[in-house]
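Reader: I would love a close look at the pockets of this structure, please, along with whatever surrounds them. Could you walk me through it at an easy pace?

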Amino acid sequence: LQQYECQNSLMKKVFDTYLLFSQVNQSETALRHVFASLRLFVNKFPSAFFQGPADLCGAFCYEILKCCNHRSSSTQSEASALLYFFMRRNFEYTRHTSMVRSHLQLIKAVSQLIADAGIGGSRFQHSLTIINNFANGDVHMKNTLFPVEVKDLTKRIRTVLMATAQMKEHEKDPEMLVDLQYSLANSYASTPELRRTWLESMAKIHVRNGDLSEAAMCYIHIAALIA
């Protein structure tokens, strides 16, 4: 499993098996054991998630975020605790430098889950509050940038949720829709991959509406980000 710094096909197969238990319907007790197993797995093989390709990190964030929207309050709390541990482990892995990878993958997962699972209601908002509370009460991280990074992440997730709700309201008003997407893209000026995602979405709207010059400007911005 640790061959090539955990970047191997066997690692992916073992992790997919672990993750499968969170993807099928389980009792609260079973999910509690699944979360405990995943916690041990992440703790033992951090390089599988925080180094090399981001596939495993992205899959983990997607499935556990989905559990943060679970109808059971205890499962929500367990999933929130696991997600907090994951972010903390990322921060520790970078020697208290940042948790950029988990931040990026969580935002991407939220964007996907809005469409796939309709997250964003009171249950999910409560999970974000739990994660913030963990960060504020973690005495071992008190003198680091970690609590600030967690607060920034949850704030950005709420921004995405709010912007997506507004986009849905204005989906028949292309100009307002593009303005909202432009605002969201600008909020990720420091995260090129996410900014690119929203610029591509803007370009598609412009092409659909026949505004080819505006679409071209979006692609020029994307080219500049890649360069």
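Author: What follows goes through the two pockets, then the aromatic rings, the cysteines and a few loop residues. Please keep in mind that this is a predicted model.

Let us begin with the largest pocket, whose volume comes to about 670 Å³. Its lining is made up of 22 residues. If you would like to centre your view, Ser111, Ile114, Thr164, Met167 and Trp198 are the lining residues that lie nearest the middle of this pocket. Four helices each bring at least two residues to the lining: H6 (100-116), H8 (146-169), H9 (174-186) and H10 (192-208). Among them, H10 gives the most, with seven residues. In character, the lining of the largest pocket is mixed: 11 of its residues are nonpolar, six are polar and five are charged.

Now for the second largest pocket, which has a volume of about 300 Å³. Its lining consists of Ser22, Gln23, Val24, Asn25, Gln26, Leu31, Lys66, Cys67, Asn69, His70, Arg71 and Ala117. The elements that supply two or more of these residues are helix H1 (9-23) and helix H4 (55-67). Sorted by type, the lining of this second pocket holds four nonpolar, six polar and two charged residues.

One of the residues in that lining, Lys66, makes a handy starting point for looking around. Its C-alpha atom is 9.6 Å from that of Asp116, although 50 residues separate the two along the chain. Asp116 belongs to helix H6, a helix that also contributes to the lining of the largest pocket. With a relative accessibility of 53%, Asp116 counts as exposed.

A contrasting pair begins at Ser27, in the loop between H1 and helix H2 (28-44). Ser27 is partly exposed, at 41% relative accessibility. From the C-alpha of Ser27 to that of Thr144 the distance is 37 Å, and the two residues are 117 apart in sequence.

Cys67, another residue of the second pocket's lining, brings us to the cysteines. How many disulfides does the structure hold? The count is zero. Cys61 shows why: the closest cysteine sulfur, in Cys57, is 4.2 Å from its own, which is too far for a bond, since a disulfide needs the two sulfur atoms within 2.5 Å. Cys68 is likewise in no disulfide, and the nearest sulfur to its own is that of Cys67, 7.3 Å away. Both residues are shielded: Cys61 is buried at 0% relative accessible area, and Cys68 is buried at 1%.

Next come the aromatic rings, of which there is plenty to see, with 14 aromatic pairs in the structure. Take Phe50 and Phe86 as an example: their ring centres are 5.0 Å apart and their planes meet at 50°, so this pair is classed as tilted. Phe50 sits in helix H3 (residues 47-50) and Phe86 in helix H5 (residues 73-93), so the contact ties together parts that are 36 residues apart in sequence. Both members are buried, Phe50 with a relative accessible area of 9% and Phe86 with 0%. The two also take part in one aromatic cluster, formed by Phe15, Tyr18, Phe41, Phe45, Phe49, Phe50, Phe60, Phe86 and Tyr93.

A ring can also face a charge. The charged end of Arg39 sits over the ring of Phe85, at 4.3 Å from the ring centre.

To finish, follow the chain into the loop between H5 and H6, where Arg95 is found. His96 lies in that loop as well. Arg95 has a positive phi, near 60°, while being a residue other than glycine. For His96, too, phi is positive, at about 60°, although His96 is not a glycine. As for the surface, Arg95 is exposed, with a relative accessible area of 76%, whereas His96 is partly exposed, with 40%.

Terms used:
Residues numbered from 1 in each chain as written. Predicted model: local features only at pLDDT ≥ 70, side-chain atom pairs only at ≥ 80, totals over all residues. Heavy atoms only, no water. Buried < 20%, exposed > 50% of the residue type's maximum accessible area, 1.4 Å probe, protein only. Phe/Tyr/Trp six-rings, centres within 6.5 Å; stacked < 30°, edge-to-face > 60°. Lys NZ or Arg CZ within 6 Å of the ring centre and 35° of its normal. 1 Å grid on protein atoms, 1.4 Å probe; cavity = no way out; pocket = protein on both sides within 12 Å on 5 of 7 lines; lining within 4 Å. Points joined across faces, edges and corners; volume = space filled by probe spheres on them. Nonpolar A, V, L, I, M, F, W, Y, C, P; charged D, E, K, R; others polar.
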